[in-house]
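Biologist: I should like to learn how to read the features of a model such as this one. May we begin with a single residue and its surroundings?

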Amino acid sequence: MTASDPPITIPQSDPRAAYFARRAEIDAAIARVLEGGAYILGTDVEGFEKRFADFIGVAHAIGVASGTDAIELALRACGIGAGDLVFTVSHTAVATVAAIERAGATPVLIDVEPGTYTMAPRELLRALERPPPGRPASVLPVHIYGQPAELSGLAEIARAHGLRLIEDCAQSHGAVYRDKPAGSFGDVGCFSFYPTKNLGALGDGGMVVTSDPALATALRELREYGWRERFISARSGINSRLDAIQAAVLGVKLGFLAADNACRQAIAARYDAGLSGLPVVLPVRRPDATHVFHQYVIRVADRDALRAHLRAAGIGTGIHYPLPVHQQPAYRVRLGCGPSGLDVTERAAPQILSLPMYPQLSAEAADWVVAEIRAFLGRQEGLSAIFNTDE
Ligand SMILES: *Cc1c(COP(=O)(O)O)cnc(C)c1O
């Protein structure tokens, strides 16, 4: 971005548009909570937990304060902590790894598949053959960008090695893998309601889902000081509760999630068609899953120049994520990975670009994004020759 760039006319995401789209219902829901006087947990949270559990197809949903907390508490509820290895990816929000460390466990980073950017089962197997010191305890795949990881392969490995399967569903509300919603496949599913997520609150929020009653009980205790009865801690817990205003807002938005995801998929189809034939790698879809396009991520050789071109045209883009976790200052050197390294992860980071994606994005706006990408890449004919798109 330069000083002369115009204002953004097409943002990369737009949580405010989601609010305006349902303003009357959201305002009414908030007013109801304000007048009711119960602002933490309570009936609004319980009602939303019940509806969310039904939506995911699990027995229990436990509202917590964020997606990061959801992962930390899921691990703790499974009894995973110091000395335990949790296998996850480096191509993710840093929150995934931060939550594992908060639980006291040791993250082991596994490379991703080149097309889907989700955990490669073959790399997980390799890492389990030669694990670092510690007890292998859990595999924690991330359904990045809204598409489930290769869950059947990962579940089989988890079963064979006695690992808990914990799904990071922070980007995949409503995605389905072989007829089962993301979050219902593993022992536990962890959701974030950060405002830009497919189901977003007007602040922080998160949810843990499970069909295991013992885990559900442990999670309800852990999120509130370990209380089994009020003021009496049966175990050491934390304060990580969903508040009633967020639950009420989320209850309104849950009713529109399927329609919103369909809008995202329609925009993705429009991008696919408009960008075909260009020297750009388009998102790869699994044949046995639905992709709910939290992000529409392309891969392009001259990423930073394309990004600057779009910015100059008033189009916002994102990079999810610019630095893999293992290359960030807080984690560099310290974190272990599988024996074959993180090659695919490292090669993707400098080339990925997230295009504007939110349910209220108009077809005209998407077409404008396409036209600007075509205009830029049209000027760079030579690139297609040097950029090998079939990885
Ligand atoms: C957003 C996100 C989280 C963390 O959620 P918060 O609610 O921001 O704590 C974790 N994992 C992934 C993949 C995410 O995208």
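Modeller: Certainly. Apart from residues up to four places away in sequence, L219 touches I62, L73, A74, A77, V208 and T210. Please bear in mind throughout that the model is predicted.

Biologist: Where is L219 found, and is this residue buried or exposed?

Modeller: The general idea is that a residue counts as buried when its relative accessible area is under 20%. L219 is found in helix α8, residues 213-222, and L219 counts as buried because its relative accessibility is 1%.

Biologist: How far apart are L219 and A74, in sequence and in space?

Modeller: They are 145 residues apart in sequence, and their C-alpha atoms are 7.1 Å apart.

Biologist: T210 was among the residues that L219 touches. What does T210 touch in turn, leaving out residues up to four places away in sequence?

Modeller: T210 touches V58, A59, H60, D187, L215, A216 and L219. T210 lies in strand β9, residues 206-210, and with a relative accessible area of 1% T210 is buried. A polar atom of the T210 side chain lies 3.1 Å from the backbone nitrogen of D212.

Biologist: Let us turn to A61. Which strand holds A61, and which residues does A61 touch beyond four places in sequence?

Modeller: A61 lies in strand β1, residues 60-64. The residues that A61 touches are E49, F52, A53, M207, V208, V209 and R220. A61 is buried, its relative accessible area being 3%. For separation in space, consider A61 and P136: they are 75 residues apart along the chain, with 26 Å between their C-alpha atoms.

Biologist: How should one read a buried residue in a loop, and where does H91 lie?

Modeller: The same cut-off of under 20% applies. H91 lies in the loop between β2 (84-89) and α5, and H91 is buried because its relative accessible area is 5%. Its side chain is joined to that of Y145 by a polar contact of 2.8 Å. Leaving aside neighbours within four places in sequence, H91 is in contact with V112, Y117, I144, Y145, H320, T345 and I352.

Biologist: How does one read the buried side of a helix, and which residues of α11 are buried?

Modeller: An α-helix has 3.6 residues a turn, so residues three or four places apart point the same way. In helix α11, residues 303-312, the buried residues are R303, L306, H309, L310 and R311. They pack against β12 (296-299), β14 (352-355) and α13 (363-378). G314 follows α11 and has a positive phi, near 85°.

Biologist: How many residues surround the ligand, and where does the ligand sit?

Modeller: The ligand sits in the largest pocket. There are 15 residues around the ligand, and the closest are G67, T68, Q171, S192 and K197. Helices α4 (67-77) and α5 (94-102) each supply at least two residues of this shell.

Biologist: Which polar side-chain atoms lie within reach of the ligand's oxygen and nitrogen atoms?

Modeller: An N or O atom in the T68 side chain is 2.5 Å from an oxygen atom of the ligand. A polar side-chain atom of S192 lies 2.6 Å from an oxygen atom of the ligand, and one of D168 lies 2.8 Å from a nitrogen atom of the ligand. On its own the ligand has 380 Å² of accessible area, of which the protein covers 90%.

Technical notes:
Residues are numbered from 1 along each chain as its sequence is written. This is a predicted model: local features need pLDDT of at least 70, side-chain atom pairs count only at pLDDT 80 or more; totals for chains, interfaces and linings use all residues. Side-chain values use heavy atoms; hydrogens and water are left out. Buried means under 20% relative accessible area, exposed over 50%, partly exposed in between (1.4 Å probe, protein chains only). Contact means heavy atoms within 4.5 Å. A residue is near a molecule or strand if one of its heavy atoms lies within 4 Å of it. A polar contact is a pair of N or O atoms within 3.5 Å; within protein, one must be able to donate a hydrogen and the other to accept it, and residues adjacent in sequence count only if both atoms are side-chain atoms. Accessible areas come from the Shrake-Rupley method with a 1.4 Å probe; for residues, only the protein chains shown count as cover. On a 1 Å grid over the protein atoms alone, a cavity is a set of points where a 1.4 Å probe fits but cannot get out, and a pocket is an open set with protein on both sides within 12 Å along at least five of seven lines; lining residues have an atom within 4 Å of a point. A molecule sits in a cavity or pocket if more than half of its atoms lie within 2 Å of its grid points.
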